[in-house]
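Welcome! Take a moment to look over the sequence and the model, and then let us walk through the structure together.

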Amino acid sequence: MASSILLHAPLIVLTALTAINAIAAPEPVVRPTPPIAGGCRFIPSDPEWPSIEEWSSLNISVDGRLIATVPSGSPCFRSTYDVKTKTTGLNTFDEKQCNDVKANWHMPTFHEDSSSSIMQTRFANNSCNYFAPDQSGGQCGIGSYVKYAIDVGSEGHVKAGIAFGKRHNIRVLVRNTGHESKLYNGPALEVSAGVQVDEVYDYLEQLGYMAVGGECPTVGLAGGYIFAGGHAPTSSKLGLAADHILAIQGGTVAYIKSVTFKIFKDFRVSGAIFTMPYAGVLDGDEFWPLIDTWHSITPNLTDAGAYAYRTFNQAYKGLFPFLGSGTFQWTSRLIPRNVIQNQPQAVSKTLKALFDDGATMVETVMNPNLGLAKPLIDNSVLPAWRTSIVNLVVGKPYNDSAPFQVNVDARTYITQHWTSALEQLAPVSAGGGAYMNEADADDPNWQESFYGRNYPKQLAIKRKYDPTGFWYAKKAVGSEYWSEDAQQRLCPTRPRGRESYGE
């Protein structure tokens, strides 16, 4: 049996019940004919949406822990809009609180402390956007935010929320910021869902240990981070976070209570910042050959267990500088060793074209191959991780004050031009892929890019343990069997040339 060092923290996973964009009164509902049993999930404007009395009953069943959403931006608005009653409601304006919202909007912790707020503004669909109040008629609505959330304190609360969602045919998701193995005998750490990596690092340091976790301090260790692989500053020495999972404790196919990881005796780490200035210092004829030289030495760095992090546009203030949330729209690509070593001119040409097109690029150099990761079992990590030595993230700023369509168009441009260019440089056939936590959410080839050859097996598992497709997330396994209509009502669909989900 593995010895355990347990980190007990409040379980703050939130089960959330989603709603539609409610900035303006919705058009009359035209419900599509569903191709499979169950039909579309109901939304607040539908007559089938649970009544206030039914929500009150749920609140009692979860010991009063049901939270009705008040959008984080509401202190900056003088009126609200309720999609259910189609009425304008309270004046929520508060100058002091509004100033606090404005000062902290791009801080990850500001959104993590909320049961409903979304870090990436794009996915809020411009709901209650204080940067551009005129776009919503000066009204703050629930919009794409969740309508209610449960502050989970026990497994019973989780079961109650799931049962309520199934009974009323409404969308349910788990919000986190989270098999057992007998093949390992050594130190381990059980991490509750909702615990962040900086908390884990601080806790283990006192005990003389360290864990494989993310660079950003606010990453939730026992959540989507590990299910996409989870890269770390030590990935070229110890592999990915997913490689060190010993046990997962949860009540359903989608809800995780805690994850147990291998941990390691602490060791010394050296770091350095390598800055390559461009504008006003080096011209193109000097800069891009320097980039080629950099890439020529990256295989040696990763083989030596090194981890390097650099940006093209500016030097970081520290080894891992603060990156505000919701400030960029991204795409990314895992570039395999063979492309870096054998096609240096193609790499340089692609990066230069992206740079000249206005892209901001962040390049992470590492190689979490199987030889050093040594996972206890054959896990489902994207195969591209094992042969890549560069994770290239490319983006452009999100314009908070611009009309929402401007950012939508920018997102489309990124997909059509930048994602396409990266996939041509490092196609799946050459070992390329994309780390889904930093990838283009609109990538049309997402199954291949995010999951690779593992996807068919993962889909079979999903259909076996979630036969009705109750659990849904955009670009998650099986999501191709669902689509949103004009009012963001989630409806079943049949992918072209494929059987329906339940067949």
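Before we place any residue, it helps to know that helices and strands here are DSSP runs, numbered from the N terminus, with at least four residues for a helix and at least two for a strand. With that in hand, we can find Ser479, whose place is in the loop between α15 and β18. Keep in mind that you are looking at a predicted model.

Let us step back for a view of the whole chain. Its secondary structure comes to 15 helices and 19 strands. The chain has 503 residues, and buried residues make up 51% of them. On the outside, about 23,300 Å² is exposed, and carbon and sulfur atoms supply 54% of that area.

Now back to Ser479. With a relative accessible area of 7%, Ser479 is buried, because the cut-off for that word is under 20%. You can also look for Gly469: in sequence, Ser479 and Gly469 are ten residues apart, while in space their C-alpha atoms are 8.5 Å apart.

The loop between α15 (455-465) and β18 (482-484) has another residue worth finding, Lys474. What does Lys474 form a salt bridge with? The partner is Asp442, and the closest N and O atoms of the two are 3.0 Å apart. This pair links distant parts of the chain, since Asp442 sits in the loop between α13 (404-425) and α14 (446-451), 32 residues from Lys474. Both ends are partly exposed: Asp442 has 23% relative accessibility, and Lys474 has a relative accessible area of 42%. The pair does not stand by itself, either, as salt bridges that share partners join Arg411, Asp440, Asp442 and Lys474 into one network.

How many salt bridges are there in the whole structure? A search finds 13. Another of them joins Arg386 to Asp243, with the closest N and O atoms 2.6 Å apart. Here too the pair links distant parts of the chain: Arg386 belongs to helix α12 (residues 384-387), Asp243 to the loop between α7 (235-238) and β11 (245-249), and 143 residues separate them. Are these two partners buried or exposed? Arg386 is buried, with a relative accessible area of 13%, and Asp243 is buried as well, at 2%.

A further salt bridge brings together the side chains of Lys257 and Glu155, at 3.5 Å from N to O. Lys257 counts as partly exposed, with 30% relative accessibility, and Glu155 also counts as partly exposed, with 34%.

Charged residues can be followed on the surface too. Glu199, Asp202, Glu205 and Asp266 form a negative surface patch. One of them, Asp266, lies in the loop between β13 (264-265) and α8 (284-303). Its relative accessible area is 43%, so Asp266 is partly exposed. That value fits its place in the patch, because patch residues must have over 30% relative accessible area.

Next, turn to the loop between α4 (155-168) and β8 (172-175), where you will find Arg171. Arg171 is buried, with a relative accessible area of 16%. Its side chain makes a polar contact of 2.9 Å with the side chain of Glu484. Asn169 is found in the loop between α4 and β8 as well, and it is buried, with a relative accessible area of 18%. The backbone of Asn169 deserves a look: its phi is near 55 degrees, a positive value in a residue other than glycine.

A positive phi also appears at Gln488, which is not a glycine and has a value of about 70 degrees. You can find Gln488 in the loop between β18 and β19 (490-492).

Our last stop is Gln329, in strand β15 (residues 328-336). Is Gln329 buried or exposed? At 3% relative accessibility, Gln329 counts as buried. A polar atom of the Gln329 side chain lies 3.1 Å from the backbone oxygen of Asn407.

Key. Residues are numbered from 1 along each chain as its sequence is written. This is a predicted model: local features need pLDDT of at least 70, side-chain atom pairs count only at pLDDT 80 or more; totals for chains, interfaces and linings use all residues. Side-chain values use heavy atoms; hydrogens and water are left out. Buried means under 20% relative accessible area, exposed over 50%, partly exposed in between (1.4 Å probe, protein chains only). A polar contact is a pair of N or O atoms within 3.5 Å; within protein, one must be able to donate a hydrogen and the other to accept it, and residues adjacent in sequence count only if both atoms are side-chain atoms. A salt bridge is a side-chain nitrogen of Lys or Arg within 4 Å of a carboxyl oxygen of Asp or Glu. Patches are made of residues with over 30% relative accessible area and no salt bridge: like charges are joined within 9 Å, nonpolar side chains (Val, Leu, Ile, Met, Phe, Trp, Tyr) within 5 Å. Accessible areas come from the Shrake-Rupley method with a 1.4 Å probe; for residues, only the protein chains shown count as cover. Lys and Arg count as positive and Asp and Glu as negative; His and the chain ends are not counted. The place of a charge is taken as NZ of Lys, CZ of Arg, CG of Asp or CD of Glu.
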